[in-house]
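Reader: I've got some questions about how the side chains pack and pair up here. Could you walk me through them?

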Amino acid sequence: MADSKLTMDKIVNLCKNRGFVYPGSDIYGGFANTWDFGPVGVELKNNIKRAWWKKFVQESPDTYGVDAAILMNPRVWEASGHVASFGDPKMDCKNCKQRFRADTLIEAHSKGAVAAEAMTNEEMEKYIEEHDIKCPHCGVRNWTPIRKFNPMFVTSRGTLEEGSDKVYLRPETCQGEYVNFLNVQRTARAKVPFAIAQIGKSFRNEITPGNFLFRTVEFEQMELQKFCKESESMDIYVDYKARALDFVKALGLSEENLRYHDHDKLAHYAKAACDIQYKFPMGWQELNGIHHRGVWDLSRHQEYSGKTMQYIDPFTNEKYVPNVIEYSIGADRLTLALLCEAYEEQALEKETRVVMHFHPAIAPYKVAVLPLQKNLSEKAKEVYALLSKKFMCDYDETGSIGKRYRRQDEIGTPFCVTVDFDTLEDGSVTVRDRDSMEQIRIKIDEVKKYVEEKIEF
Ligand code: GAP
């Protein structure tokens, strides 16, 4: 659906006022780029995570879930390359928000003729300006100053100030999947190809956070690593590209707001990489990534841990380190895309209604129970008690029925169940559909089944 005149401010205001998302530490004036999910938002995000888990774990017999620790042995981050990149001279493109090493850009531009390593930050900035070096990703020259950049949050382990060990908050969840590759393979008796998935928090010292939930310093990732033979890896990569797109379309993102962005420039170990981009109010931006990572990650962990990462094929006895196809999507970023897509300001005869057209499966509340008048609340509470055993339900008895419908439209509740005086006589209620605003009359006992059929994902 997605309103073409939609601005991020409208989404932020709706989120604050309707209980989706509040600024983090609000009473202290906020804490930049942190956000707290409210009663409505936490339901929405949990439903999105559940939908991802259902599609990629529950309905995928070759995929196993884990929930690994956020704090990992610091050697993990040496193996992953994150520690080595501490202090690299980096700059961000203000236009597309991609980050690059300034020295690498200069060396690539000069075809190796200039040794940027020996330059100061000021010299590199001057060189980049004089030679009009543009962002390799979007082609615009609009750089932040060069900064030595620490991508990971550092904390310490140990109760004493001195002598405590430096540990990191994980900047991605996938390392918990790599280090458990053989644990899962052995205990699940899994055969390659198989995948490990997890959903969890990641933390990054982003230089250019912003755009509400789009880029934050603390966020949730839904990541999956598929371990496979090299010979089948390209087919699996192509398959995940399709599955990743199908998933976001099934959740409600429309085709015209989605596109693939295949990467031309790849990391030295990568064999292919692609983002799915979504047309956010600020323009086309990455929603998720699908990466063919070759044997890089498992080989690095083999090298740094001294433990084998080889898989032994039970049929051929062949021993090898599998290739990895990674599919990674941010739960908060996807929540933002779905909020933008769902938003509509609909002109009615006498008013404009704001309605969030969420897929019923992810709608925060499936049903709102509304007594037509307060003196019907006893019966309405009975209906609420019955339905809330099955679904997240809201209950509202304040204000006119029209106002209550509008409040539910704004949080995307697909069905409003109204209890009136006929309910006391014949046990029937009115069920109003959020999108069409049509109303039908059904028996209380039939509501559960009616709603269940509509929220199937
Ligand atoms: N393990 C691979 C990895 O982490 P990434 O492209 O850096 O790859 C994957 O992140 C996804 O995580 C992104 O496509 C995006 O959806 C989400 N993501 C990354 N950084 C984020 C941030 N600072 N805030 C919100 N979401 C973020």
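Reader: Which residues does Leu287 touch, not counting residues up to four places away in sequence?

Author: Keep in mind that this is a predicted model. Leu287 is listed with those that have the most contacts inside the largest nonpolar core, which has 62 residues. Leaving out residues up to four places away in sequence, Leu287 touches Val248, Leu253, Leu258, Ile276, Gln277, Tyr278, Phe280, Ile329, Gly330, Arg333, Leu334 and Ala337.

Reader: How many residues are in the second, separate core?

Author: That one is apart from the core where Phe20, Trp52, Phe247, Leu287 and Leu334 have the most contacts. Val367, Val431, Val451 and Ile455 are included in the second core, and its residue count is 17.

Reader: OK, rings next. Is the pair of Phe181 and Phe227 stacked or tilted?

Author: The structure holds 20 aromatic pairs, and this is one with its ring centres 4.6 Å apart. Stacked would need planes under 30 degrees apart, and edge-to-face over 60. Phe181 and Phe227 have 40° between the planes, so the pair falls into the remaining class: tilted.

Reader: And how many residues apart are Phe181 and Phe227?

Author: Both Phe181 and Phe227 are buried. Phe181 sits in helix 7 (residues 181-187) and Phe227 in strand 10 (residues 218-228). The pair links distant parts of the chain, with a separation of 46 residues.

Reader: Why do Tyr269 and Trp296 count as stacked?

Author: Stacking asks for planes under 30 degrees apart. The ring centres of Tyr269 and Trp296 are 4.6 Å apart, and their planes meet at 10°, so the pair is stacked.

Reader: Where does Trp296 sit?

Author: Its partner Tyr269 is in the loop between strand 11 (258-262) and strand 12 (272-280). Tyr269 is partly exposed, at 23% relative accessibility. Trp296 is 27 residues away from Tyr269, in helix 9 (residues 296-305).

Reader: Which ring does the charged end of Lys55 sit over?

Author: The ring in question belongs to an aromatic cluster that also has Trp52, Trp53, Phe56, Tyr240, Phe247 and Tyr327. The charged end of Lys55 is 4.6 Å from the centre of that ring, which is Phe457.

Reader: On to charges. Is Asp396 buried or exposed?

Author: Asp396 meets Arg407 in a salt bridge, 2.7 Å from N to O. Arg407 lies in helix 12 (residues 401-411) and Asp396 in the loop between strand 20 (393-395) and helix 12, so the pair ties together parts 11 residues apart in sequence. Arg407 is partly exposed, with a relative accessible area of 28%. Asp396 has 9% relative accessibility, so the verdict is buried.

Reader: About how many helical turns separate Arg406 and Asp409?

Author: The side chains of Arg406 and Asp409 meet in a salt bridge at 3.3 Å, N to O. Asp409 is buried, at 0% relative accessibility. Because Arg406 and Asp409 are three residues apart in helix 12, the separation is about one helical turn.

Reader: Which residues are linked with Arg406 and Asp409 in a network of salt bridges?

Author: The count for the structure comes to 32 salt bridges. One of the network's members, Arg432, also lies over the face of Tyr405, at 4.4 Å from the ring centre. Linked with Arg406 and Asp409 in the network are Glu351, Arg353 and Arg432.

Methods
Residues are numbered from 1 along each chain as its sequence is written. This is a predicted model: local features need pLDDT of at least 70, side-chain atom pairs count only at pLDDT 80 or more; totals for chains, interfaces and linings use all residues. Side-chain values use heavy atoms; hydrogens and water are left out. Rings of Phe, Tyr and Trp (its six-membered ring) pair if their centres lie within 6.5 Å; planes under 30 degrees apart count as stacked, over 60 as edge-to-face and the rest as tilted. Helices (H or I, at least four residues) and strands (E, at least two) are DSSP runs, numbered from the N terminus. Buried means under 20% relative accessible area, exposed over 50%, partly exposed in between (1.4 Å probe, protein chains only). A charge sits over a ring if NZ of Lys or CZ of Arg is within 6 Å of the ring centre and within 35 degrees of the ring normal. A nonpolar core is a set of buried Ala, Val, Leu, Ile, Met, Phe, Trp, Tyr and Cys residues joined through side-chain atoms within 4.5 Å. Contact means heavy atoms within 4.5 Å. A salt bridge is a side-chain nitrogen of Lys or Arg within 4 Å of a carboxyl oxygen of Asp or Glu.
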